[in-house]
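Colleague: Could you take a close look at one part of this model for me? I'd like to see how it sits beside the rest of the fold.

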Amino acid sequence: MSDRHKTPRVFASGSQKRKLQAERNKKSEETLSKTSKLTKFFKSSNKEEIPQDPKKIVGDSTEDGDVVDSIQDHPETEVSSGDNTQISKTEYQLQDEATFCGLKNDIGLWPANITKEMIEYWAKKGSAELQNCDKLSMQNPVLVYQDEPRDSSNFVRKCTKNMFTRRNKNQETVNRFWLCFSPSNGKIYCYPCKLMSTQNNKLSREGFNDWKHASDRLYDHEISKTHLESVMSLVQRGKVTGRIDQELAMQELQQIEYWRKILRIIVSTIKFIAERGLAFRGDNEIVGSPRNGNFLGILELLAEYEPILATHLKEHANKGSGHVNYLSSTICEELIRCMGDKVLTEIVSRIKKSKYYSVSVDSTPDESHIDQLTIVVRYMEGSTPKERFLTFLPNCGHTGEATANALLKFLGDHQIDIMDCRDQSYDNAANMSGKYRGMQALILEKNHLSAFVPCCGHSLNLVGKAAANSCPSAVQFFDFMQDLYTFFTASTERYQILIEKLSKKKSGQFYVLKKLSDTRWSCRAEATKAIVEGYSEIEEALTSISSDIEQKDIVRNEATHLLQKMSSLETALFATFWNDILERFNATNKMLQDPKMVLESAMRALESLKLFVESKRNDFDKYEEAAIKYLITINTYNHVPEREILYAYEAVRSRFGFLNHIEKMDVENLHASAEALVKVYEDDLEPSLLSLIDAYKKDYGKDRSPELFYYQILKDQNFRATFPNIEIALRMYLVLMVSNCTGERSFSKMKIIKNRL
């Protein structure tokens, strides 16, 4: 027997077999990639168009309604429904990663081997989205041509926008539509030659970045025979006529255009209904039924004036599950979700652009008894602060830790840096405002610059409620107001008597009785105003009811009891007093609810209200004269202890307050305040802070906030680069949340959706 270690190998080893198999597979893939596929000549039922550039889907306007209005009439996100309808993300079923890269708007990311799918796609689409000749794209540092040594003046050559135009001999300017710039590698390419030319040169293959000789090289290229042939071939490729599959291509284009028109109508209808808070569904989803809801009903109305929609409803409606029509309730929900995601993405992008922001969080149970946490963010759009609702988060828990974790998770999921948060505003509940385990304390542990500012509106409401409840006579007065409202509104007959008496006023204008609000104290201003304005008419109505023998005894007795209370001097005095207090209270509260309110203005409004209330302590004689002619026993009123709320805002006010009255400060105090602000925000600000303030501190009008005035100057006169520190300081200040009223408004919308819709 021979030694097997000395016998020559007859068969290939396992490693050699694997190498041979890999080479065969590679050759097979190259052959297949060059072979046209039969399926490319047919249209699949689940294919739609390539999504448009997100910049075209959502605009950059900064008005209040622009976030929603900027969504175009056709969606781009993939959805599915019970009727097997799909809105696909791409026009073609992408075969591999190379084809996907070839559909990107960066020509430098295209694969070396140009596929027929890429040629078909870009021949139809054109080169507008590939040029990337805007200033932001060209500021990329990779634009520097590193092969050429820099001179002593450190002059750097780079791509300019002038390269994308050509000046003819007669001085006319022509755009070079064929020239495209790649932001990823900083090179320029010839778009037609990249797709159609077989010659190997820099403009058609690896890219060109010899900026010193770019002008001559581009001129030589655009008059070359190869370039002209590539342009003509690409133009011919984009045309349907003359192709071997001309009829199939025409049919495909007709189908695409048909479904685009249908989707535009459907998406516009959904936007119309959603913006107005109307219900989508009815009792059924049958086209032609009078009970099919607003969505199908509006489509039926539009079909009377839109032939293509009428044909669509006739041929595709009421076909049952499995038939594509885009009319089902499932599709409505999918489209609403797609539009909502797009709006949220746009708001998040604007928050990141602003960098600094403040956050407000509140919660309330919905109709299904599930606690919903609302998140509202305030940031700068242009020169104006904006408050935007972001989302509802269900079942987050009631503890400060659970709420803080929910907020941090949401911000992290959307890549919003918590370190850029400069303010947090919540109500005065212990789980939110607690000093040790409250939500604000936990957020402060993450970011010590996220100052806590209690909601001014909520704090003001608590102060008013506590002040009134500390006086027993005031409690009895408001109970009397509620009894009066209940008495007249419990019976249509009694309410009609009241209206008849009030309508006889000489002015012709009258106020009806209002129910007291337990949650918003300032709303009681309308109730007290109705009593003061119609005091004598209400007495006449009570007298008429108490003396009417046809009324029940219990009704007459109650009317007599209310009349006796209303005829007392104490009731009249309280009515006039609380009318003045609550009228000013309500005006201040509405001022604090303004989303554009800045903290210093809010502080001044609260201080003004405090002084107004204190001044009323010396006006007892005036109110007693206004109460007129009734005998009373003067009561001794308990002293109302002061409930101070302004101290909660002093910490933040001490940092930025000087920006509101810098015209009254001397230079020394002004710079001391600026230095103190820099010490607090040392990671954001530099010591040179007050140059702009010194230049413009006497120019703002008295009808506007100085802080907004200075920021408006920075934006309008493009001073941001000149005075970056003052711009950052103002931006941090203006994003401070004053109240969480925007969150309360989101609860109102949620109740409409849950209860009525």
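Colleague: Which residues of helix α24 are buried?

Modeller: Happy to help! This is a predicted model, in which local features need pLDDT of at least 70 and side-chain atom pairs count only at pLDDT 80 or more, while totals for chains, interfaces and linings use all residues. Residues are numbered from 1 along each chain as its sequence is written, and side-chain values use heavy atoms, leaving out hydrogens and water.

The buried residues of α24 are Leu599, Glu600, Ala602, Met603, Ala605, Leu606, Leu609 and Phe612 (buried: under 20% relative accessible area with a 1.4 Å probe, protein chains only). Helix α24 covers residues 599-615 (helices are DSSP runs of H or I, at least four residues; strands are runs of E, at least two). Its 17 residues reach 24 Å from first C-alpha to last, close to the expected 24 Å (1.5 Å times one less than the number of residues).

Elsewhere, the largest nonpolar core has 49 residues, and Leu484, Phe488, Leu542 and Trp578 have the most contacts inside it (a core is a set of buried Ala, Val, Leu, Ile, Met, Phe, Trp, Tyr and Cys residues joined through side-chain atoms within 4.5 Å). Helix α23 (residues 569-592) gives the most to this core, ten residues. Another core, of 29 residues, lies apart from it and includes Leu393, Ala404, Phe410 and Ile416.

Strand β8 (residues 421-425) has five of its five residues buried. Strand β8 pairs in the parallel sense with β5 over four bridges (pairing needs at least two DSSP bridges), with serine 425 opposite serine 360. Two bridges join β8 to β9, also running parallel, and there glutamine 424 stands opposite phenylalanine 452.

Notes: Buried means under 20% relative accessible area, exposed over 50%, partly exposed in between (1.4 Å probe, protein chains only).
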